[in-house]
Amino acid sequence: MKKVLWLLLAAVLAVGIAACGDDLEEGDDSGSTSTQSEGEGGAEKPAITVGSANFPENVVLAEIYAGALSAKDFDVSKKLNVGSREALFPAMEQGDITVLPEYSGALLAFVTEAKSDAKEIGEQVEALNAELPAELTLLEPSAAEDKDTITCNKETVDKYGLASIEDLAKVGNEITIGGPPEFAKRAGFGIKALKRVYGAEFKKFQPLDVAGPLTVAALKDNKVQCANLFSTQSAIPANGFVTLEDPKGLVEAEAVVPLISKEAATPEVTETLDAVSAALTTDNLKELVKRVEVDKDDAETVAQDFLSEQGLE
Amino acid sequence: MGETWEWLTSSEQWSGPDGIPARLLEHIWYSALGVFVAALIALPAGLLIGHTGRGSLSANTLSNFSRALPTLGLVILVFRIEPLSIWPVLVALVVIAIPPILLNTEVGIRAIDPTVRDAARGMGMTGWQALWRVEVPLAMPLILAGFRSATGQVIATATIAAFVGLGGLGRFIIDGYSVRDIGEISGGALVVAVLALVAEGGYALLQRSLGPKEGSRRRRVAGPAVHHEEVHA
């Protein structure tokens, strides 16, 4: 019952977002979704459902995973733009989604409620494989990184002489900070962590979207002075925004890595996704994000172009 | 259901700038402003069209057109021009509130028995006097029904304010969804529903107290055939 409600809600929001005219990909649940495969290692190829969070980079990554797997004749369906990790993770646990592009540091903070000290990617993956529910596992992480950042507009940086998040401990009470709604509540990167690690408190938190057009517009207009953006976004240099340094390593490493249900992680699937991870770098990830966010290219097209460039079809 | 109850009854929900009372006030503010601005436009237009009988077709066409506009699309469109202001929400709410007020006002005035109008003129009333003293009071039940239906739609739709970073009760629905807090989502939705019902009840009382009394109706021999139910044009 609850599951049905969630799917309905996700569908309603997906339709709503599509209706905004934003170039966001809608979930492509064509017919039979996750028909679970019987047994591992059999000749039968497992049916795979690739999910994604509600921001363009994650959608492109999911499209790349889906495209690479489709090229190997897997029965792939997509559930894209579902929502935040808080909504996606339970869907993974229940097997509604079997593969998800994840970020090592943020996922670890989510799974351990920000209690892990693992900073390097290797440590993070090790810690995650110990902490993840039994039915889930990580594949090989990629060299591509996308970190959560606190980014402020030029006006604010100049006014307060900001360079690092540490500076916000003094002037935070004059600053309205923007971010996705979950930014105020999650134990990982967000309001709580900024207070805990840096002693920074803000005048107000303004709930916006996941580093999307709302956030960029609000930052440009100085409706918020600082906001949560992603390090791969070309909106940061394009608008003269400044990303604050993070000397205490709140977000140290953030490798793009596939989170997968063990049932779906057959050797062939693992090999396919490892090849994708091997091809991803922070630079080509930035280029992918730019094509979707700035050039407004279709995520699926961008993903297909990447796969053919990298010889992964 | 248990989660909803837990959310609704936890004390942190009832104070502070993102508590239920503050969000409720924001929601009422958006809704009231939307209906008020819509009334400023739709009421005079409806009275004029009903009174003169001219422009009825274009009013109908415009109303149907505005009903077909996707509200969320409109919100995002205005947001592009005026980010993080009340404008995106206000424009959307006004657009959905205009048709019921405009059409009900127009029909209410138009439906008045022509003999009543003639009698008013015969007594030496000017056009204005006939409108204010005779036509508007007689059309009042229908005009109120228009406001009632507009208010219900506006209260339900004002939840989209949260989509563009504003407040209101939609905040709970959007924020709850982002962290998969089903108690917050359904709690927020419940408060919206209760607000809509309270507004509905308020209009019902108002309609009863302002509507034609049984006694006065009998005295008004030539009274018009006033429909009490809402008119869907």
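Here are a few friendly notes on this two-chain model, taken point by point.

1. A word on the ground rules. The model is predicted, with local features needing pLDDT of at least 70 and side-chain atom pairs counting only at pLDDT 80 or more, while totals for chains, interfaces and linings use all residues. Residues are numbered from 1 along each chain as its sequence is written, and chains are lettered from A and ligands numbered from 1 in the order in which they are written.

2. Chain B is a pleasant place to start, with 10 helices and zero strands. Here helices (H or I, at least four residues) and strands (E, at least two) are DSSP runs, numbered from the N terminus. Its C-alpha atoms fill a box of roughly 70 × 40 × 25 Å along the principal axes.

3. On packing, 41% of the 233 residues of chain B count as buried. A residue is buried if 20 or more other C-beta atoms lie within 10 Å of its own, exposed if 12 or fewer, and partly exposed in between, with C-beta atoms placed from the backbone. Of the chain B contacts with a separation of 6 or more, 76% join residues 24 or more positions apart; two residues are in contact if their C-beta atoms, placed from the backbone, lie within 7 Å.

4. Chain A is assigned domain 1 (2-32 + 46-145 + 253-309) and domain 2 (148-243), with bounds from an automatic or database domain assignment. Where they touch, domain 1 of chain A gives 17 residues and domain 2 of chain A gives 16. On the domain 1 side, helix 4 (104-112) and helix 12 (282-293) of chain A each supply at least two residues, and helix 12 of chain A has the largest share, five residues. That side divides into eight nonpolar, two polar and seven charged residues. Ala, Val, Leu, Ile, Met, Phe, Trp, Tyr, Cys and Pro count as nonpolar, Asp, Glu, Lys and Arg as charged, and the others, Gly among them, as polar.

5. Between the chains, the contact takes 25 residues from chain A and 15 residues from chain B. Helix 1 (2-19) of chain A is one of the elements supplying at least two residues on the chain A side, and helix 1 of chain A makes the largest share there, five residues. The chain A side comprises 13 nonpolar, five polar and seven charged residues.

6. Two backbone angles deserve a look, since most residues other than glycine have a negative phi. E113(A) has a positive phi near 50 degrees and sits in the loop between helix 4 and helix 5 (121-131) of chain A. E113(A) counts as exposed because it has 10 C-beta neighbours inside 10 Å.

7. The other is R180(B), with a positive phi near 55 degrees, in the loop between helix 8 (170-178) and helix 9 (182-210) of chain B. R180(B) is buried, because 20 other C-beta atoms lie within 10 Å.
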